[in-house]
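Trainee: I would like to take a close look at one part of a structure, namely the links between its cysteines and the surroundings in which they sit. Could you walk me through that part slowly, with the rest of the chain as background?

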Amino acid sequence: MIIAAGGSLLSAGPAGAGARADGGSITCQGGSLTADFKPGVTYKKGTTQVSANGDLGVCSSPEYPEITGGTFRFVGSGHGACPGPFAIGHGKLAITWNDGSTSVSPQMSFRAETFTVSLDGGAVSEGRFKGQTGRLSGRGTTAPIDIGAQCITSGLTRYPAELDTAAIGAI
């Protein structure tokens, strides 16, 4: 998933950390994502609001070794229908790193399908890793038959996923 930025003013690192240049890179492995769709996605193509939260698993950055993990929130909208893609759209990703710094990417692409989910392409506009591009990818954890049943009844409203990787910078 795409990791965000935190600026030198937001840096909570040791003395002198605020003097570091923007940019850098980070890679995270593991983690989770839960997306909510409102209204629920049905077999009729339509627009849905997407809200997703999650954690980034274990992270590593050569420039910021104090960052070892983080949480994120994504808010956006997209178009989709069952059987998929459920939502293809754009939104804002905000990451809070374990050291208290943040990263914000105001225009990330989002795609949720039966077996995969991804956020990608957005440049960090403020915070850590400013100016760098991020990407997040993972796998849906709901059985396709259960997704189909939700699509028929009230619509698919919740989409849990496991994250494989999230990266910002040299990806």
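Mentor: Let us begin with the contacts of the chain as a whole: of those with a separation of 6 or more, 64% are accounted for by residues 24 or more positions apart. Please keep in mind that this is a predicted model, with a mean pLDDT of 87 for the chain and 86% of its residues at 70 or more. Some caution is needed at the start of the chain, since pLDDT stays under 50 over residues 1-21, although the model has 81 contacts beyond four places in sequence for that stretch.

The background comes next. The chain holds 1 helix and 11 strands, and when you read along the sequence these follow the pattern β-β-β-β-β-β-β-β-β-β-α-β. Of its 171 residues, 46% count as buried, while the chain exposes about 7,600 Å², of which carbon and sulfur atoms supply 56%.

Now to the cysteines themselves. A search of the whole structure finds 2 disulfides, and if you number the bonded cysteines of the chain in sequence order, the pairing reads 1-2, 3-4. One of the disulfides is formed by Cys28 and Cys59, whose sulfur atoms are 2.1 Å apart. This pair links distant parts of the chain, for Cys28 belongs to strand β1 (residues 26-29) and Cys59 to strand β4 (residues 58-60), with their positions 31 residues apart. The torsion about the S-S bond of Cys28 and Cys59 is about 105°, and therefore this disulfide is right-handed. Both Cys28 and Cys59 are buried.

The other disulfide joins Cys82 and Cys151, with their sulfur atoms 1.8 Å apart. Here too distant parts of the chain are linked: Cys82 sits in the loop between β5 (70-80) and β6 (87-97), whereas Cys151 sits in helix α1 (residues 144-152), and the two are 69 residues apart. The link of Cys82 and Cys151 is left-handed, with -70° about the S-S bond. As for their surroundings, Cys82 has a relative accessible area of 6%, which is under the 20% cut-off, so it counts as buried. Cys151 has a relative accessible area of 3% and is likewise buried.

Since Cys151 belongs to the helix, it is worth staying with α1 for a moment. The buried residues of α1 are Ile147, Gly148 and Cys151. Seen down the axis of α1, these buried residues fall within an arc of 100°, so they line one face of the helix. A general rule helps here: an α-helix has 3.6 residues a turn, so residues three or four places apart point the same way. The face of α1 turned away from its buried side carries the exposed residues Ile145 and Ile152, while the buried residues pack against β2 (32-41) and β11.

Those two strands lead us to the nonpolar core. The largest such core has 36 residues, and Leu33, Phe37, Leu56, Trp97, Phe110 and Tyr159 touch the most other members. Strand β11 (residues 156-168) gives the most to this core, with 6 residues. In soluble globular proteins, nonpolar side chains tend to be buried together. Among the core members, Leu33 lies in strand β2 and is buried, with a relative accessible area of 1%. Leu33 and Ser137 are 104 residues apart in sequence, yet their C-alpha atoms are 9.9 Å apart in space. Phe37, if we leave aside its neighbours within four places in sequence, is in contact with several residues, including Val50, Phe86, Phe110, Leu156 and Tyr159.

Finally, let us return to the loop that carries Cys82, and then look at some other points of the backbone. Pro85 also lies in the loop between β5 and β6, and the peptide bond that leads from Gly84 to Pro85 is cis, with omega near 0°. Another cis peptide bond runs from Lys38 to Pro39, with omega near -5°, and Pro39 is found in strand β2. Elsewhere, Phe129 has a phi near 65°, a positive value in a residue other than glycine. Phe129 has its place in the loop between β9 (126-127) and β10 (133-140), and at 0% relative accessibility it counts as buried.

Methods:
Residues numbered from 1 in each chain as written. Predicted model: local features only at pLDDT ≥ 70, side-chain atom pairs only at ≥ 80, totals over all residues. Heavy atoms only, no water. Disulfide = S-S within 2.5 Å. Helix = DSSP H or I, 4+ residues; strand = E, 2+ residues; numbered from the N terminus. Buried < 20%, exposed > 50% of the residue type's maximum accessible area, 1.4 Å probe, protein only. Core = buried A, V, L, I, M, F, W, Y, C linked by side-chain atoms within 4.5 Å. Contact = heavy atoms within 4.5 Å. Areas by Shrake-Rupley, 256 points an atom, 1.4 Å probe, with all protein chains shown as cover. Arc of directions from axis to C-beta. pLDDT = per-residue confidence, 0-100.
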